[in-house]
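I'm opening my notebook on this one and jotting things down as I look them up. Let's see what turns up.

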Amino acid sequence: MIVANLGSAPWTAAGQNLVSILPVSIGVCIIILNFFSFILSYLMKTRLTLMTIIKSMALAFFFGMFIDLFVYVHHIVYVPENIWIRCLYSLIGINLVAVAVSIYFQAGSVYLPFDYLLQAFGKLKNNYTVGTIFCMSIPLSVSILIIVFQHHVAGLGIGTILFMFGIGFLIDHYNRWIVIHKAPTQNAHSL
């Protein structure tokens, strides 16, 4: 979705806009945003262990570095210019994100800091739909402020709108197709 340049997920769009004011890559900006998400989650009284914080920030670090790696490789290999190919890239990107999130939520016990922030807003508002709106308003506000001051639109577009309104539907769809059964934990005392 970054390479298609038709709009990205809200947190990624915020990272794309931060790149225009910070001397770092998109991946590093996403790691910074994850770190601040943890701080905000903590201020909202989310209980997190030190080990959860360490694991989640390690996950955020690898996530950010993989974004940088894939964007770098993609720019070397091929950057689409045709609008229809860019649209195809966006549609594929949204679906790949939905597949990844479906697998990630089913298999993982540690999430990205953005996800803990979403949970904090969901609990605060007693409603995950409203909580999601509040949570997504943060990166959208960051993007809009930077766009206003820089006079350059980055990361926001039709892809962002499709992501905002379509990702939940796609995740539900892929959750029906992809089912990860966790192995039962064995009681150590039964040995």
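**Helix 3: length check**

I started with helix 3, residues 50-77. At 1.5 Å a residue, its 28 residues should span 40 Å, and I find its end C-alpha atoms 40 Å apart, which agrees. Note to self: this is a predicted model, so I'm reading a prediction here.

Next I asked which residues of helix 3 are buried. My list reads Thr52, Ser56, Met57, Ala60, Gly64, Ile67, Asp68 and Val71. Looking at the spacing, I remembered a textbook point: an α-helix has 3.6 residues a turn, so residues three or four places apart point the same way. And what do the buried residues of helix 3 pack against? They pack against helix 2 (26-43) and helix 5.

**Helix 4: again with the ruler**

Helix 4 covers residues 83-107, which is 25 residues. From first C-alpha to last it reaches 36 Å, close to the 36 Å expected at 1.5 Å a residue.

I pulled up the buried residues of helix 4 too: Arg86, Ser90, Gly93, Ile94, Ala98, Val101, Ser102, Tyr104 and Gln106. The cover over them includes helix 3, helix 5 and helix 7 (158-177).

**Helix 5 meets helix 6**

How do helix 5 (residues 113-125) and helix 6 (residues 128-150) cross? Their axes come within 7 Å and cross at roughly 130°. That makes helix 5 oblique to helix 6. I also noted the hand: helix 5 passes helix 6 in a right-handed crossing.

Then I looked up who touches whom. On the helix 5 side I have Phe114, Leu117, Leu118, Gln119, Phe121, Gly122, Lys123 and Lys125. They meet Tyr128, Val130, Gly131, Thr132, Phe134, Cys135 and Ile138 in helix 6. Sorted by class, this contact has 9 nonpolar, 4 polar and 2 charged residues.

**Two positive phi values**

Last, some backbone angles. Asparagine 5 has phi near 60°, a positive value in a residue other than glycine. I found asparagine 5 in the segment before helix 1 (10-19). Its relative accessibility is 49%, so asparagine 5 counts as partly exposed; the cut-off for exposed is over 50%.

Lysine 45 also caught my eye, with phi near 70°, again positive in a residue other than glycine. Where does lysine 45 lie? I traced lysine 45 to the loop between helix 2 and helix 3. At 71% relative accessibility, lysine 45 counts as exposed.

Notes:
Residues are numbered from 1 along each chain as its sequence is written. This is a predicted model: local features need pLDDT of at least 70, side-chain atom pairs count only at pLDDT 80 or more; totals for chains, interfaces and linings use all residues. Side-chain values use heavy atoms; hydrogens and water are left out. Axes are lines fitted to C-alpha atoms, for helices over the stretch in contact, and angles run from 0 to 180 degrees between N-to-C directions. Helices (H or I, at least four residues) and strands (E, at least two) are DSSP runs, numbered from the N terminus. Angles under 35 degrees count as roughly parallel, over 145 as roughly antiparallel, 65 to 115 as roughly perpendicular and the rest as oblique. A crossing is left-handed if the near helix is turned anticlockwise from the far one by less than a right angle, and right-handed if clockwise. Contact means heavy atoms within 4.5 Å. Ala, Val, Leu, Ile, Met, Phe, Trp, Tyr, Cys and Pro count as nonpolar, Asp, Glu, Lys and Arg as charged, and the others, Gly among them, as polar. The expected span of a helix is 1.5 Å times one less than its number of residues. Buried means under 20% relative accessible area, exposed over 50%, partly exposed in between (1.4 Å probe, protein chains only).
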